[in-house]
Every structure is written in C-alpha cells, then in structure tokens.
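Grab a coffee and open your favourite viewer. Below are a few exercises, each with a worked solution to check yourself against.

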Amino acid sequence: MNTPTSLIQRWNDLATRCGLRQATGLGLDLLDRYAEPQRVYHGPSHLAPLLGLLEEMGAEPRLHLAAWFHDAVYQPGDARNEALSAELARTTLAAHGCPAADREFIAGAVLATASHRAVRPEHAP
C-alpha cells in the first residue's frame, strides 16, 4: 500500500477524521515533498510503513498527522529539518482548521523525531 493513490486516500481519511478543511491539496503537497529527488530514505517508501505501524498500534490521529509532517522538509545534513517540518505543520494545519493545541502537539511530536527518542510525560493528559 505504498502507491501515491493509496497514500492520498489515507491522507484524505485522516484529514476527515481530524476535521481538516479542504486538505486534499495539502496531502498532495506533502506527497510531492516526499518524492523530492534528494531523498534516498525519507520518501514515500519510508512514510507508508510508518503510517502502517501507527495504524497497528491504534495511535491517535494527531500522531498520524505528525508522521505525515515528520520529514516534510528534508535536506540531507541540515540540522533544521525537523524544526522546519514542525513549523510547516503549524502553519499549514492552521490554514486547514486544526485547533492550536493539536498543532502544538503535532509540532512537538515532529520535533521529537530529531533524536528518535520518545519522552514520556509523568502525567499524560
């Protein structure tokens, strides 16, 4: 299930679950980003299994959105990739009606991918 068609279907389903407005174009933009020529590993073949794993785990929709954005900005060797991806998530999701608290959660999850380590809060909400 790695084709662009199946990925955009997954995106559209997620966008509907999250209440995003008119988000198909955003999903297509993200897929275009993952298809950029400088990407060796961080392409659609990386995104699809990650989304599948999140589905298997029953992860909440905000984590699925974070997965879509986690490598949205990628230049090999650039230490700002995660920060730029998080900012892209904040701004584009705002434009599609994602609540501010959800945008910050998603951006925080994207930033956490810089170290590939999860931080477990003492008291989860």
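The exercises go from the overall fold to a helix, a core, some charged pairs and an acidic residue.

This is a predicted model, so to speak of local features we ask for pLDDT of at least 70 and count side-chain atom pairs only at pLDDT 80 or more, while totals for chains, interfaces and linings use all residues. Residues are numbered from 1 along each chain as its sequence is written, and side-chain values use heavy atoms, with hydrogens and water left out.

**Exercise 1. Work out the order of the elements in the chain.**

Start by counting: there are 6 helices and 0 strands (DSSP runs, H or I of at least four residues for helices, E of at least two for strands, numbered from the N terminus). Reading from the N terminus, you get α-α-α-α-α-α.

**Exercise 2. Check the span of α3 against what its 14 residues should give.**

First, the rule: the expected span is 1.5 Å times one less than the number of residues. For α3 that comes to 20 Å, and the end C-alpha atoms are 20 Å apart, so the two agree. Next, look inward: His46, Leu47, Ala48, Leu51, Gly52 and Leu54 are buried (under 20% relative accessible area; exposed is over 50%, partly exposed in between, with a 1.4 Å probe and protein chains only). The buried residues of α3 pack against α1, α2 and α4 (contact means heavy atoms within 4.5 Å).

**Exercise 3. Find the salt bridge partner of Asp102 and place the pair in the chain.**

Use the cut-off: a side-chain nitrogen of Lys or Arg within 4 Å of a carboxyl oxygen of Asp or Glu. Asp102 meets Arg62 at 3.4 Å, N to O. This pair links distant parts of the chain, with Asp102 in helix α6 and Arg62 in helix α4, 40 residues apart. Then extend the search: Glu60 joins Arg62 and Asp102 in a network of salt bridges. Finally, the accessibilities: Asp102 is partly exposed at 24%, and Arg62 is partly exposed at 23%.

**Exercise 4. Which side chain of opposite charge is nearest to Asp71, and how far away is it?**

Locate Asp71 in the loop between α4 (61-69) and α5 (81-95). Asp71 is buried but has no salt bridge; the nearest opposite charge is Arg39, 5.7 Å away (Lys and Arg count as positive, Asp and Glu as negative; His and the chain ends are not counted). Now look for polar partners: the Asp71 side chain makes a polar contact with that of His46 at 3.3 Å. (That means a pair of N or O atoms within 3.5 Å; within protein, one must be able to donate a hydrogen and the other to accept it, and residues adjacent in sequence count only if both atoms are side-chain atoms.)
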